[in-house]
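Visitor: Could you take me through one part of this model in close detail? I am in my first year, so please link each detail to its surroundings. I would like to look at the largest pocket.

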Amino acid sequence: MTEHTVSAYENELRGLAQRVAEMGGLTEKQIVGSIDSLIRSDLDLARQVRAVDPQIDALQREIEEVGILVIAKRQPMAIDLREIVGALRIASDLERIADLAKNIAKRVIAMNGTLPLAKVTGGFDAMARLALERVKRVLDAYA
């Protein structure tokens, strides 16, 4: 981030970045939790994953509102505008990833431990690691 003469503007940009980082951390926990609940048929963990989804949705809305407000108030140029637009796009992607994790948790609850998943879930851990690496790369690129 570049340094600005208006500290309020700088704080707005920093706050936007912090919200994106918070959302990324929650999404990461959602991915891990949904895969763990599936592998272990853990209904309580699946319910916890589902319970966090409204918080992630609210963070996305907040990031969008703040981003649009900053664009309207500050009329950012060049790198600042790209940073704000990047935050909006990342928030949208993270919300979608969290929705997919929530959907996995919903399926775990619907199955209610009725299917023996040991053979089926063998590759899930590797897929989850790949998804987490992607989320981390996106967040690192933004930071």
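Guide: Let's start with the pocket itself, keeping in mind that this is a predicted model. The largest pocket has a volume of about 330 Å³. Its lining is made up of 16 residues, and those nearest the centre are Ile31, Ile97, Leu100, Ala131 and Val135. Helices H1, H3 and H4 are the elements that each give two or more residues to this lining. The biggest share comes from H4, which supplies seven residues. By type, the lining holds 13 nonpolar residues, one polar residue and two charged ones.

Now let's place those helices in the whole chain. The protein chain has four helices and zero strands, so reading from the N terminus the order is α-α-α-α. Along the principal axes, the C-alpha atoms fill a box of roughly 60 × 25 × 15 Å. Of the 143 residues in the chain, 40% are buried. Among contacts with a separation of 6 or more, 83% are between residues 24 or more positions apart.

Next comes the nonpolar core. The largest one has 32 residues, and Leu16, Val20, Met23 and Ile63 touch the most other members. At least two residues of this core come from each of helix H1 (7–40), helix H2 (43–74), helix H3 (78–111) and helix H4 (124–142). Met23 gives a good view of the surroundings: beyond its neighbours within four places in sequence, Met23 is in contact with Ile56, Leu59, Gln60, Ile63, Ala91, Leu94 and Glu95.

Thr27 is another residue worth finding, and its place is in helix H1. Thr27 counts as buried because its relative accessibility is 0%, and the cut-off for buried is under 20%. With the neighbours within four places in sequence set aside, Thr27 is in contact with Ile56, Leu94, Ile97 and Ala98. One of these partners, Ile97, also appears among the residues nearest the pocket's centre.

Let's follow H3, one of the helices that line the pocket. At 1.5 Å a residue, its 34 residues should span 50 Å, and the end C-alpha atoms are indeed 50 Å apart, so the two values agree.

The ends of H3 also invite a look at the backbone angles. Most residues other than glycine have a negative phi. Ala78, which lies in helix H3, has a positive phi near 45 degrees. Ala78 is partly exposed, because its relative accessible area is 48%. Gln75, in the loop between H2 and H3, is not a glycine either, yet its phi is positive at about 45 degrees. Gln75 has a relative accessible area of 62%, so it is exposed. Just after H3, Asn112 takes a positive phi of about 50 degrees.

Finally, let's return to H4, the helix that gives the most to the pocket lining. Ala141 is found in this helix. Its relative accessibility is 66%, so Ala141 counts as exposed. Ala141 and Gly86 are 55 residues apart in sequence, while their C-alpha atoms are 9.9 Å apart in space.

Definitions and conventions: Residues numbered from 1 in each chain as written. Predicted model: local features only at pLDDT ≥ 70, side-chain atom pairs only at ≥ 80, totals over all residues. Heavy atoms only, no water. Core = buried A, V, L, I, M, F, W, Y, C linked by side-chain atoms within 4.5 Å. Buried < 20%, exposed > 50% of the residue type's maximum accessible area, 1.4 Å probe, protein only. Contact = heavy atoms within 4.5 Å. 1 Å grid on protein atoms, 1.4 Å probe; cavity = no way out; pocket = protein on both sides within 12 Å on 5 of 7 lines; lining within 4 Å. Points joined across faces, edges and corners; volume = space filled by probe spheres on them. Nonpolar A, V, L, I, M, F, W, Y, C, P; charged D, E, K, R; others polar. Expected span 1.5 Å × (residues − 1).
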